[in-house]
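Subject: Structure for your review

Dear colleague,

Please find below the structure that I am handing over to you. I should be grateful if you would read the notes beneath it with the coordinates open.

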Amino acid sequence: MTRKRPELFERLGPHVHSTYVIDVTELPFVLRLRPDPDAPGLTAHRRTEQLDPDATIAGPFSALFDVMDGTADSDALFFSRDISISGNTEAAVCLRSALDDLEGSIIEDLVHMSGPLYAPLRFALTRLRKAKPGDQP
């Protein structure tokens, strides 16, 4: 991702070394994101684990997926309280701005980089994009 989307890391500016917890509320775990271009990481952790993130972004899968896919207005989701932010809001806003400014979908990029998992992930992504509100993904 650092080679394919360097502009994402550039847009984070001083927050490129920040740690973010992404809390998909329906999941029994949280994701820890470090967008450091020299040592990027995305790891899953128990909810009870002490992670000390700079910012936490929480919300339902559908809302967070749409933000990552570039198909939702993250400001509208925040103000409607579908997504919540805690901790360093400046870091969270920088991440949101970096994602909003990307051409295309970062999820699409990840699917293309998945190697042998490309076909099943492409199928799943197509299903997720066609799902109606209230449908089970």
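The notes below concern aromatic pairs and two prolines.

Please bear in mind that this is a predicted model.

A search of the whole structure returned 2 aromatic pairs. In the pair formed by Phe 61 and Phe 65, the ring centres are 5.6 Å apart and the planes meet at 25 degrees, so this pair is stacked; the cut-off for stacking is under 30 degrees. Both residues belong to helix α2, which spans residues 61-69. Phe 61 and Phe 65 are 4 residues apart there, about one turn of the helix. As to solvent exposure, Phe 61 has a relative accessibility of 32% and counts as partly exposed, whereas Phe 65 is buried, its relative accessible area being 9%.

Phe 78 and Phe 79 also form an aromatic pair, in this case edge-to-face. Their centres lie 5.2 Å from each other, with 70 degrees between the planes. Phe 78 is partly exposed at 34% relative accessibility, and Phe 79 is exposed at 67%; the latter class applies because its value is over 50%.

Turning to the prolines, Pro 6 is located in helix α1, which covers residues 6-11. Pro 6 is partly exposed, with a relative accessible area of 34%. Between the C-alpha atoms of Pro 6 and Pro 37 the separation is 8.2 Å, although 31 residues set them apart along the chain.

Yours sincerely

How values were computed. Residues numbered from 1 in each chain as written. Predicted model: local features only at pLDDT ≥ 70, side-chain atom pairs only at ≥ 80, totals over all residues. Heavy atoms only, no water. Phe/Tyr/Trp six-rings, centres within 6.5 Å; stacked < 30°, edge-to-face > 60°. Helix = DSSP H or I, 4+ residues; strand = E, 2+ residues; numbered from the N terminus. Buried < 20%, exposed > 50% of the residue type's maximum accessible area, 1.4 Å probe, protein only.
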